[in-house]
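Please load the model in your viewer and set it to show a cartoon with side chains on demand. The tour goes stop by stop, with a selection to make at each.

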Amino acid sequence: MAGRIRDEDVRRVRDAVPIDAVVSDYLQLRNAGGGQLKGLCPFHDEKSPSFHVSPSKGLYHCFGCQEGGDTFDFVMKVEHLSFSEAVERLAAQAGITLRYAEGGYGRASQQGERTRLVEAHKAAAAYYAEQLDGPEAEIARRFLAERGFDRAAAGHFGVGYAPAGWDHAVRFLRGRGFTDKELILSGIAQEGRRGPIDRFRGRLLWPIRDMGGEVVGFGARRLREDDTGPKYLNTPETPVYRKGQVLYGIDLAKKDIAKANQAVVVEGYTDVMACHLAGVTTAIATCGTAFGEGHIKILRRLLMDNSRSEVIFTFDGDAAGRKAALRAFEDDQKFASKTWIAITPGGMDPCDLRCSEGDAAVRALVEGRSPLFEFALRSVVDEHNLETAEGRSAALEAATPVVAGIKDPAIQHEYAVRLAGLVGIPDERFVLRRVGQLARRGREPGPARPGRAASAAGASAGGASGAGPAGGAPPPEGGRPAGPPLNLRSPAHRAERELLKVALQQPQFVAPVFDAYREDEFTGPPYAVVRRAIAEAGGTEHADEGFLARVREAAPDDTVRALVTELAVEPLELPRRRQREADTYAAQLLRDVRLAAVQRRIAELESAARRQDAQGDAERSAALWQEVWTLQRYRTALMERGADALYG
């Protein structure tokens, strides 16, 4: 059984790895004001950023799907790790050696499964890279040289060579302490007649890394004619490698994609290398599968669904390339970004183009892109004989659904007019009406229709908003508590919510007065529980660097813990121009919450006093009216002197 990581080491890792640095490996973050950052949530589809990160608090919260927590929670959720595996992964990034409660330093038996598999891939990648310098790898080095890649280029991308023997990598990794079970589960090895054998033999290898830069798989290219396997052999689906959720080169390209608001999608490993070496450092590729939903989600998070951003697909000019481009068009409208296509001349891919015409030609290919809408439209029209009336009619029927599937009305209108010109129909209004009819039909509820029209209509109607019924957030997965009810955001609870936010985010502005507030001064039950958790964490007067962590630990369940995180990350309802007035704002909130509590108490006491009057209990009635009078004076002081009345 895995040993428990010592608490002090967990704290060291948490302090050493800033949450914004970790989250930035998976999505683009932008300034949200008040020291907050925001981006598109990696846990649900959305069009507007609702995922907030507070670097100073080390917390994140999505106001769309209610996911939230600290750095470890984020890594656990996004990478599907256990707590120990998340700590181990971040510790490795920070260069921290972990100690376990049972003794020892990071022993293999104490590491999580995913951590072990990633470590195995890391060791294998180093082994394969070293083999590229050996005499047997001459054929691999020649393959690279013929395509314009020198040893430095191979080193930059971590390219390696797998020896042709049956178990060279297996024996090497066994010597590093990995078990046969781990090697098979990782996909580096496969079952043989007498035990595990190398999956990759006599091939050129590219390590495939995830968004965080960890090696999770390999792509292997056949080099010899006697190799009867497929031209490209990839790691099979494993606990750490899912081909529909990885993009080759994303670890190298992600920062430039976010910075340039551009992603260039190419078809192969060598094309990625060629583009990067030519200066197109936003190039990425899928790994042995078509560009799909998982890849779209990765790019959307990096591009922030910015309408100024671009996704550029590069395809060969042959029939297969045209087919792939049309398949990309089916997914086009899942981006808010503009989508383009760059068709390589003469059937050359970017790697061939670089070898033939140099780096400038690769850059020119990307710069000379054309809209994907236009390419898709022309491709459909070109399949018909426009010299005959029958051919023109068929072209119109085939191409109209493509135009009708365009979401943007202005662009749809423009392409409808263009379609009339391409087909040679002088009556543009006829084409516009036909497109409009199909577009409206596509937006109507009902069963999807087959063909491209249905696909385009579905993309237009649904997009990738991820919204649930009535535009609300999607239901939580796996029975996760949905969090506090939305009525906690009603005006009646506003001051309580804002005061708790200040207490968690800037406790120095409300201490020590806040600590004297009772739970019953917070009318929202979850808010009262948060108030209790703050008290159990030592109160605002004793807030230090570990204050928030203590409050979260004091929360009685995950729902309250999520609410604490939400309140700690949510920006104050204070205009940016007034951010420096946070202390005045806090004082006003202290006064408002206390004033509301006093008014409620006065109403309760007056009701009780009248009941005693009716029952003839003069002594009890007089005591109650005296208390009412005292509170009325306090209320007057609060209304006239504001927060100063709280101090006596």
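What follows is a set of selections on a predicted model.

**Stop 1: a sheet of five strands**

Start by selecting strand 1 (30-33) and strand 5 (68-70), which stand at the edges of an open sheet. The sheet has 5 strands in the order 1-2-3-4-5, and the pairing is antiparallel. Each of the two edge strands has a single partner strand, so one side of each is left without a neighbour in the sheet. From one strand to the next, the twist averages 25°.

Now select residues 51-54 and residues 59-62, which are strand 3 and strand 4. These two pair in the antiparallel sense over 4 bridges. Show the side chains of His 52 and of His 61 in strand 4, which stand opposite each other.

**Stop 2: helices on the sheet**

Keep the sheet visible and add residues 71-79, helix 3. Helix 3 packs on the sheet and touches strand 3, strand 4 and strand 5. The direction of helix 3 makes about 120° with that of strand 5.

Next add residues 558-569, helix 24, which also packs on the sheet. Which strands does helix 24 touch? They are strand 2 (36-39), strand 3, strand 4 and strand 5. The direction of helix 24 makes about 100° with that of strand 4.

**Stop 3: backbone details**

Select Gln 66, in the loop between strand 4 and strand 5. Its phi is near 70°, a positive value in a residue other than glycine. Is Gln 66 buried or exposed? The relative accessible area of Gln 66 is 17%, and buried means under 20%, so Gln 66 is buried.

Asn 261 is the next selection, in the loop between helix 10 (250-260) and strand 12 (262-266). Asn 261 is not a glycine, and its phi is positive, near 55°. With 16% relative accessibility, Asn 261 counts as buried.

Then go to Ala 511 and Pro 512: the peptide bond from the one to the other is cis, with omega near -5°. Pro 512 is in the loop between helix 21 (494-505) and helix 22 (525-536).

**Stop 4: a hairpin and a third strand**

Select residues 203-209, strand 9, which 7 bridges join to strand 10 in an antiparallel arrangement. Strand 9 and strand 10 form a hairpin with 5 residues between them. In the turn, Gly 213 has a positive phi of about 90°.

Strand 10 covers residues 215-222, and 7 of its 8 residues are buried. Pick Ala 220 in strand 10: Leu 205 stands opposite. In strand 11, the bridge partner of Ala 220 is Leu 233. Strand 11 (residues 232-234) runs antiparallel to strand 10, and 3 bridges join them.

**Stop 5: nonpolar cores**

Select Leu 499, Leu 504, Phe 514 and Ile 534, which touch the most other members of the largest nonpolar core, a set of 51 residues. Helix 21, helix 22, helix 23 (547-554), helix 24, helix 25 (582-615) and helix 26 (618-641) each supply at least two residues of this core. Helix 25 gives the most, with 12 residues.

What does Leu 499 touch, not counting residues up to four places away in sequence? Its contacts are Val 510, Phe 514, Tyr 517, Phe 522, Leu 589, Leu 590 and Val 593.

Finish with a second, separate core of 50 residues, which includes Leu 27, Phe 43, Val 75 and Val 78.

Key
Residues numbered from 1 in each chain as written. Predicted model: local features only at pLDDT ≥ 70, side-chain atom pairs only at ≥ 80, totals over all residues. Heavy atoms only, no water. Pairing = 2+ DSSP bridges. Axes fitted to C-alpha atoms, helices over the stretch in contact; angles between N-to-C directions. Contact = heavy atoms within 4.5 Å. Buried < 20%, exposed > 50% of the residue type's maximum accessible area, 1.4 Å probe, protein only. Core = buried A, V, L, I, M, F, W, Y, C linked by side-chain atoms within 4.5 Å.
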